[in-house]
Structures are given as structure tokens and as C-alpha cells.
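Me: I am new to this structure. Please walk me through how to read it.

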Amino acid sequence: MYGSSRWIRRFEDEVEESFEGNSCEVHTLKQFSSILPHDVEARRTFVRNGGLQFLQELNETVGGKLTEFIQRINSCYPPEIVEYYSPNYSRKLLAKIEDLEPTS
């Protein structure tokens with residue numbers, strides 16, 4: 001995907017604007033959900049530039065059609081990568097520390 005960084009910045013800008021009444025993030029998520037399944041470099045860039053993490057944070061607060069596109073994009077990545085970038089991941093790891101009973 002050419003200009004992946006540009007798309008991610010645009011996506012973040014549009015999502016921020018959408019919370020002020022603009023709804024163009026649906027269009028942008030739709031574009032990502034159609035591009036990412038076919039472009040490995042775009043998937044890498046999306047992760048490197050914070051797009052996947054931003055998407056997981058967004059997923060905590062939205063619903064409807066956005067959730068459908070977020071799920072499509074998430075399906076382009078192994079579940080453990082999606083979980084790693086999810087807002088609750090660090091809490092889950094801390095809970096494992098608390099639940100661990102050392103053997104020695």
C-alpha cells in the first residue's frame with residue numbers, strides 16, 4: 001500500500017473529527033478493511049504507526065458499523081497481536097502475576 005503512514009494519520013484525524021459530529025471514519029475503516037487483507041506491508045505499517053493500537057482503543061468506545069470494520073481489520077492479524085494492542089492487555093498480564101503460585 002502506497003503512503004500507508006499517510007492513511008493512518010488521516011484515519012486518526014478523521015476519527016477524532018468524527019467525535020465532533022463528522023462520520024467519515026466509517027469510510028476510512030472500510031478502506032482499511034479492504035486493503036489490509038491483501039497487503040502485508042500495509043499491515044506491518046498499520047501496526048508500526050500505531051493504527052492497530054488506536055483501533056483497539058476505538059473498539060472500546062464504538063459500536064454498530066464501526067465494530068464490523070474493526071473486526072474485519074482485526075482478522076488480518078494473529079489474535080495474540082490484536083490482544084497485545086488491546087487496552088486491557090497489561091491488566092490481564094498483571095492479573096496473571098497475582099494468580100501465579102510459585103513452586104519454590
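Me: How much surface does the protein chain expose?

Reply: Accessible area comes from the Shrake-Rupley method with a 1.4 Å probe; for residues, only the protein chains shown count as cover. Here the protein chain exposes about 6800 Å², and carbon and sulfur atoms supply 50% of that. This is a predicted model: local features need pLDDT of at least 70, side-chain atom pairs count only at pLDDT 80 or more, and totals for chains, interfaces and linings use all residues. Residues are numbered from 1 along each chain as its sequence is written, and side-chain values use heavy atoms, leaving out hydrogens and water.

Me: How many helices and strands are there?

Reply: Helices (H or I, at least four residues) and strands (E, at least two) are DSSP runs, numbered from the N terminus. The protein chain has 7 helices and 0 strands.

Me: Which residues have the most contacts inside the largest nonpolar core?

Reply: In soluble globular proteins, nonpolar side chains tend to be buried together. A nonpolar core is a set of buried Ala, Val, Leu, Ile, Met, Phe, Trp, Tyr and Cys residues joined through side-chain atoms within 4.5 Å. Buried means under 20% relative accessible area (1.4 Å probe, protein chains only). The largest core here has 16 residues; Leu-29, Leu-36, Phe-46, Leu-55, Ile-73 and Tyr-77 have the most contacts inside it. H5 gives the most to this core, with 4 residues.

Me: What are the buried residues of H5?

Reply: They are Leu-66, Thr-67, Phe-69, Ile-70, Ile-73 and Asn-74. They lie on the same side of H5, because they cover an arc of only 165° around the axis. That arc is taken from the directions from the helix axis to the C-beta atoms.

Methods: Buried means under 20% relative accessible area, exposed over 50%, partly exposed in between (1.4 Å probe, protein chains only).
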